[in-house]
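Got the viewer open and a hand on the mouse? Here is a short tour, one selection at a time.

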Amino acid sequence: MNQVVISGTGLFTPPHAISNEELVASFNRYVQQYNAEHATAIAAGECEPLAESSVEFIVKASGIQSRFVLDKDGLLDPDRMTPLLLERSNDELSVQAEMAVHAAREALENAGRSAADIDMVIVACSNMQRAYPAVSIEVQHALGIHGYAFDMNVACSSATFGIQTAANAIASGQARVVLMVNPEICTAHLNFRDRDSHFIFGDACTAVVLERADLAVSAHRFEVLGCKLVTLFSNNIRNNAGFLNRCDERGVGAPDKLFVQQGRKVFKEVCPMVGEHIVDHLAELELAPGEVRRFWLHQANLSMNELIARRVLGREASRDEAPVILDRYANTSSAGSVIAFHLFSRDMTEGQVGVLSSFGAGYSVGSVVLKKY
Ligand code: COA
């Protein structure tokens with residue numbers, strides 16, 4: 001089996017940011033409009049008034065201060081509350097492929113690689129913008145890569161599942177250098193009219209280059225010591241959008257065709273699962289949690305990350321040990337832990353170990369243990 005390294009990462013951050021203040025102002029305008037339009041029905045007790053959102057709640061419940069988005073005006077317009085991303089002709093690069101190409105170019109440069117070196121492309125993320133052709137094949141074509149490409153979706157865990165798939169292909173000799181990309185347009189599947197979740201997501205794209213350790217040229221690289229994945233079916237995070245929707249007109253446009261979650265249940269069920277998962281994975285590799293220099297955790301909720309780190313370490317983790325990017329990026333689904341890795345790994349020294357971990361819908365949990373070369 002070939003030894004595998006992560007030799008480069010890249011990050012595409014969209015050009016627009018939305019603060020909690022801006023988001024809440026737009027949501028509350030929508031609520032006021034709705035309540036005014038339904039004033040008679042509300043007064044007659046036939047319909048419940050909507051409640052306003054609050055910046056304080058968002059910060060306290062999630063730790064999120066701001067998020068980056070592909071389109072700001074469309075989703076802040078109280079009459080629309082959906083990003084405005086115009087359809088492109090089939091001859092133009094699709095939105096997701098465009099983000100992917102941006103992040104991929106940076107990852108290739110950091111790895112000291114060109115498109116000609118890549119022999120496999122994986123696009124792994126929560127939502128694909130079309131059924132086919134695979135977005136990954138479009139990315140492969142746009143970058144001029146030979147070999148083959150395919151898409152994967154394991155929701156927020158898509159990147160760790162993608163890393164394992166890439167690492168296995170390299171270890172077995174099927175591929176030598178793999179590009180794995182996570183173009184997440186979370187604002188397009190978020191219900192901005194839902195007070196419980198309108199603040200949760202942002203958009204971003206990450207890219208990771210993995211390759212055979214003996215071929216790698218990048219000075220900043222991490223050996224993949226091991227990957228561990230687990231899934232357990234749950235309806236607590238669900239999105240029913242799909243190609244069968246048009247077969248029953250009654251459901252078209254209903255809220256369940258966007259992201260829906262039971263946030264409290266997710267919190268309670270997922271945190272212990274992830275804590276145990278990471279501890280078990282480290283034990284299998286004969287590592288103690290105290291030997292881990294850094295945890296690049298999925299970035300969904302600050303309290304979740306603090307609790308998971310506490311369960312693994314038996315004490316509070318410092319921000320240096322478990323970096324936080326969700327305050328600026330919000331939840332960017334599968335890209336989150338890779339953003340943390342991309343921004344907080346340069347300072348690590350030879351032999352230091354880190355854990356990149358994801359968790360989310362499915363449920364799905366993944367961990368990748370990495371050692372600085
Ligand atoms: N503004 C003000 N108040 C709000 C609000 C908002 N935007 N949204 C909800 N509230 C209210 C609720 O109505 C509730 O009021 P009540 O106590 O009178 O019933 C109260 O705040 C608490 O709501 P709750 O939903 O229980 O909050 P929470 O503390 O569980 O935080 C989440 C909500 C979603 C942030 C949190 O549960 C979470 O992060 N869960 C995990 C999410 C996650 O990681 N998902 C993975 C996605 S991949």
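The stops below go from the ligand to its pocket, then to another pocket, and end at a cavity.

**Stop 1: the ligand and its neighbours**

Keep in mind that you're looking at a predicted model. Select the ligand and show the residues around it: there are 17 of them, and S53, R195, Q261, R264 and N301 come nearest. Colour that shell by class and you should count 8 nonpolar, 6 polar and 3 charged residues.

**Stop 2: nitrogen atoms of the ligand**

Now turn on the atoms of S53. A polar atom in the side chain of S53 is 2.9 Å from a ligand nitrogen. Next, pick S54, but look at the backbone this time: a backbone N or O atom there lies 3.2 Å from a nitrogen atom of the ligand. Then jump along the chain to G263, where a polar backbone atom is 3.0 Å from a ligand nitrogen.

How much of the ligand's accessible area does the protein cover? Taken on its own, the ligand has 970 Å² of accessible area, and the protein covers 71% of that.

**Stop 3: helices around the ligand**

Switch to cartoon and highlight α3 (55-62) and α8 (263-284), the elements that give two or more residues to the ligand's shell. Which of the elements gives the largest share? That's α8, with 3 residues.

**Stop 4: the pocket that holds the ligand**

Hide the ligand for a moment and show the pocket surface. The ligand sits in the second largest pocket, which has a volume of about 920 Å³. Select the lining and you'll have 37 residues, with D196, I200, Q261, G263 and R264 closest to the centre of the pocket. Some names should ring a bell: Q261 and R264 are also among the residues that come nearest to the ligand, and G263 is the one with the backbone atom 3.0 Å from a ligand nitrogen.

In cartoon view, the elements giving two or more residues to this lining are α3, β10 (260-261), α8, α9 (302-313) and β12 (353-360). Again α8 provides the largest share, here 6 residues. Colouring the lining by class gives 18 nonpolar, 12 polar and 7 charged residues.

**Stop 5: the largest pocket**

Now move over to the largest pocket, with about 1700 Å³ of space in it. Its lining has 50 residues; centre your view on N127, M128, Q129, R130 and H189, which are the closest to the middle of this pocket. Then highlight α5 (95-111), β5 (148-152) and β9 (237-238), since each of them supplies at least two lining residues. By class, you'll find 24 nonpolar, 16 polar and 10 charged residues in this lining.

**Stop 6: the cavity**

How many cavities of 30 Å³ or more does a search of the whole structure find? The search finds 1, and the space in the cavity comes to about 70 Å³. To frame it, select I6, S7, G8, T9, N110, H220, F222, F341, H342, S345 and R346, which line it.

Back in cartoon view, β1 (4-12) and α11 (335-343) each bring at least two residues to the cavity lining, and β1 gives the most, with 4. Colour this last selection by class: 3 residues are nonpolar, 7 are polar and 1 is charged.

How values were computed: Residues are numbered from 1 along each chain as its sequence is written. This is a predicted model: local features need pLDDT of at least 70, side-chain atom pairs count only at pLDDT 80 or more; totals for chains, interfaces and linings use all residues. Side-chain values use heavy atoms; hydrogens and water are left out. A residue is near a molecule or strand if one of its heavy atoms lies within 4 Å of it. A polar contact is a pair of N or O atoms within 3.5 Å; within protein, one must be able to donate a hydrogen and the other to accept it, and residues adjacent in sequence count only if both atoms are side-chain atoms. Accessible areas come from the Shrake-Rupley method with a 1.4 Å probe; for residues, only the protein chains shown count as cover. On a 1 Å grid over the protein atoms alone, a cavity is a set of points where a 1.4 Å probe fits but cannot get out, and a pocket is an open set with protein on both sides within 12 Å along at least five of seven lines; lining residues have an atom within 4 Å of a point. A molecule sits in a cavity or pocket if more than half of its atoms lie within 2 Å of its grid points. Ala, Val, Leu, Ile, Met, Phe, Trp, Tyr, Cys and Pro count as nonpolar, Asp, Glu, Lys and Arg as charged, and the others, Gly among them, as polar. Grid points are joined across faces, edges and corners, and a volume is the space filled by probe spheres set on the points.
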